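Let's walk through this assembly together, starting with the DNA, moving on to the domains of one chain and finishing where the two protein chains meet. Please keep the view open as you read.

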There are 2 protein chains.
Amino acid sequence: MAVKAIEKLSASLEDYLEAIYHLTAGQEVARSKDIAEAMKVSRASVTGALKTLSEKGMVYYKPYGYATLTEKGQQVARRVVRRHEILTRFFGELLGADPSIAQAAACRAEHTLGLEITARLMAFIEFVSKTQDDGQDITKQFQQYWERLRNAECKM
Amino acid sequence: MAVKAIEKLSASLEDYLEAIYHLTAGQEVARSKDIAEAMKVSRASVTGALKTLSEKGMVYYKPYGYATLTEKGQQVARRVVRRHEILTRFFGELLGADPSIAQAAACRAEHTLGLEITARLMAFIEFVSKTQDDGQDITKQFQQYWERLRNAECKM
DNA sequence: TAATATAGTTAGCCGCCCCTAACTTTTCAA
DNA sequence: TTGAAAAGTTAGGGGCGGCTAACTATATTA
């Protein structure tokens with residue numbers, strides 16, 4: 001095939017890319033220790049992951065140096081971050097889940113969504129936010145529906 | 001705590017429970033070979049999983065016998081199946097993804113959803129299907145929105 | 001009922017990803 | 001500038017969940 005498929009990484013490696021992406025977002029640089037803290041894993045695990053990611057051409061990294069994303073790594077990271085954001089918004093804004101719950105769920109689900117579903121979910125969120133302008137406001141209506149459900153349950 | 005939390009299983013073990021659940025749904029019985037075929041793993045892997053699930057009190061199983069779900073196993077399996085169905089409906093009916101894509105995505109995501117999100121997603125699907133009766137039909141509106149998006153992209 | 005085919009198990013291997021402990025390199029401050 | 005603290009690496013181990021190959025038990029059928 002002519003088009004190169006985007007590299008397929010494990011959920012764990014995607015998480016490392018995501019962490020590096022966020023750490024390098026300011027002007028800062030991704031130090032091993034910070035990655036370890038952000039991901040709540042040991043520094044040794046980070047070393048191993050960086051080695052693997054470097055072999056796969058996802059990060060620039062030399063022993064005792066800091067990590068930066070390659071072009072390829074950036075692409076993958078952005079895709080993961082995008083999915084994370086979409087899911088967080090969906091769970092939080094639309095379904096009305098508590099932010100911390102929405103975050104956590106997004107973290108776990110972000111590695112399982114394909115291109116097609118991601119695009120459609122994104123579109124759906126856009127679609128719903130557009131209806132807020134023309135009086136329908138699906139979000140608010142659902143919120144009311146949900147409250148009624150909850151109350152009904154509590155009375156039983 | 002007084003209430004016993006539902007046993008936490010790995011995604012893989014949940015998949016085994018799901019497979020056994022479906023195989024034993026008719027009057028049939030879950031044979032090791034059928035589980036292997038359904039899940040596309042080796043028979044040896046099934047033996048290992050059944051041993052683990054049996055230790056965890058999720059299946060009744062004796063070597064060279066067939067597998068049945070215990071009460072606890074049924075509970076977990078039903079919960080997984082429920083999530084699978086909810087996700088399939090959401091991806092398929094609501095987002096309008098192709099059934100096979102919706103299925104596959106549901107398979108992967110079903111192990112990542114917590115109680116809260118599952119309940120809200122379920123409610124959301126109910127909510128949307130109810131709006132179809134009173135003239136709004138969110139599904140149809142989104143379908144049109146999506147088509148317009150697709151066409152816009154194709155023209156570029 | 002004996003032989004063979006089928007189903008199930010065991011043993012042993014591998015990859016992934018985490019860990020701790022001990023060692024090396026780098027940084028920083030006295 | 002040198003020695004201690006901090007950061008990073010290496011070595012080795014464990015759990016999980018796949019796999020194949022070889023063995024055992026069960027079923028079938030000639």
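A polar contact here is a pair of N or O atoms within 3.5 Å. Keep that cut-off in mind for the DNA, and remember throughout that this is a predicted model. With it we can begin at DNA strand C, where a phosphate oxygen is 2.7 Å from a polar backbone atom of Lys33(B). Two serines of the other protein chain also reach the phosphates of this strand. The side chain of Ser10(A) places an N or O atom 2.2 Å from a phosphate oxygen of DNA strand C, and for the side chain of Ser12(A) the corresponding distance to a phosphate oxygen is 3.3 Å. The elements that give two or more residues to this surface are α1 and α3 of chain A, along with α2 (32-39) and α3 of chain B.

Now widen the view a little. How many residues surround DNA strand C? There are 19, and the closest are Ser10(A), Ser42(A), Lys33(B), Arg43(B) and Tyr61(B). Helix α3(B) gives the most to the surface near this strand, with four residues. Sorted by class, the surface near DNA strand C has eight nonpolar, six polar and five charged residues. On the DNA side, 74% of the strand C atoms within 4 Å of the protein belong to sugar or phosphate, and the rest belong to bases.

Turn next to DNA strand D. Of the 19 residues around it, the ones that come nearest are Lys33(A), Arg43(A), Tyr61(A), Ser10(B) and Ser12(B). Which part of Tyr61(A) lies 2.7 Å from a phosphate oxygen of this strand? It is a polar side-chain atom of Tyr61(A). Lys51(A) also uses its side chain, with an N or O atom 2.8 Å from a phosphate oxygen of DNA strand D. Ser32(A), by contrast, uses a polar backbone atom, which is 3.3 Å from a phosphate oxygen of the strand.

The surface near DNA strand D draws at least two residues from each of α2 (32-39) and α3 (43-55) of chain A, and from each of α1 (11-23) and α3 (43-55) of chain B. Helix α3(A) gives the most here, with four residues. The residues of this surface divide into eight nonpolar, six polar and five charged. Of the strand D atoms within 4 Å of the protein, 74% belong to sugar or phosphate, with the rest in bases.

With the DNA in place, let's follow chain A by itself. Chain A is divided into domain 1 (11-69) and domain 2 (76-155), and the centres of these two domains, taken over C-alpha atoms, are separated by 29 Å. Nine residues of domain 1 of chain A are in contact with nine residues of domain 2 of chain A. The area buried between the two domains is about 770 Å², with carbon and sulfur atoms giving 65% of it. Which three residues supply 65% of the area that domain 1 of chain A buries against domain 2 of chain A? They are Glu14(A), Glu18(A) and Tyr21(A), which supply more than any other three residues.

One of these residues, Glu14(A), also has a charged partner: its side chain meets that of Arg79(A) in a salt bridge, 3.6 Å from N to O. The count between the two domains of chain A is one salt bridge, and there are three residue pairs in polar contact, both residues at pLDDT 80 or more. Helix α1 (residues 11-23) of chain A makes the largest contribution to the domain 1 side that touches domain 2, with seven residues. By class, that side has five nonpolar, one polar and three charged residues.

Finally, look at where the protein chains meet. Here 31 residues of chain B are in contact with 31 residues of chain A. The two chains bury about 3000 Å² between them, 72% of it on carbon and sulfur atoms. How many salt bridges does the rule find across this interface? It finds zero, whereas it finds ten residue pairs in polar contact, both residues at pLDDT 80 or more.

On the chain B side, the elements that give two or more residues are α4 (71-94), α5 (99-109), α6 (115-131) and α7 (138-155). Among them, α6(B) gives the most, with ten residues. The chain B residues that touch chain A divide into 20 nonpolar, six polar and five charged.

Definitions and conventions. Residues are numbered from 1 along each chain as its sequence is written. Chains are lettered from A and ligands numbered from 1 in the order in which they are written. This is a predicted model: local features need pLDDT of at least 70, side-chain atom pairs count only at pLDDT 80 or more; totals for chains, interfaces and linings use all residues. Side-chain values use heavy atoms; hydrogens and water are left out. Contact means heavy atoms within 4.5 Å. Buried area is the accessible area (1.4 Å probe) that two parts lose on being put together, summed over both. A salt bridge is a side-chain nitrogen of Lys or Arg within 4 Å of a carboxyl oxygen of Asp or Glu. A polar contact is a pair of N or O atoms within 3.5 Å; within protein, one must be able to donate a hydrogen and the other to accept it, and residues adjacent in sequence count only if both atoms are side-chain atoms. Ala, Val, Leu, Ile, Met, Phe, Trp, Tyr, Cys and Pro count as nonpolar, Asp, Glu, Lys and Arg as charged, and the others, Gly among them, as polar. A residue is near a molecule or strand if one of its heavy atoms lies within 4 Å of it. Domain bounds come from an automatic or database domain assignment.
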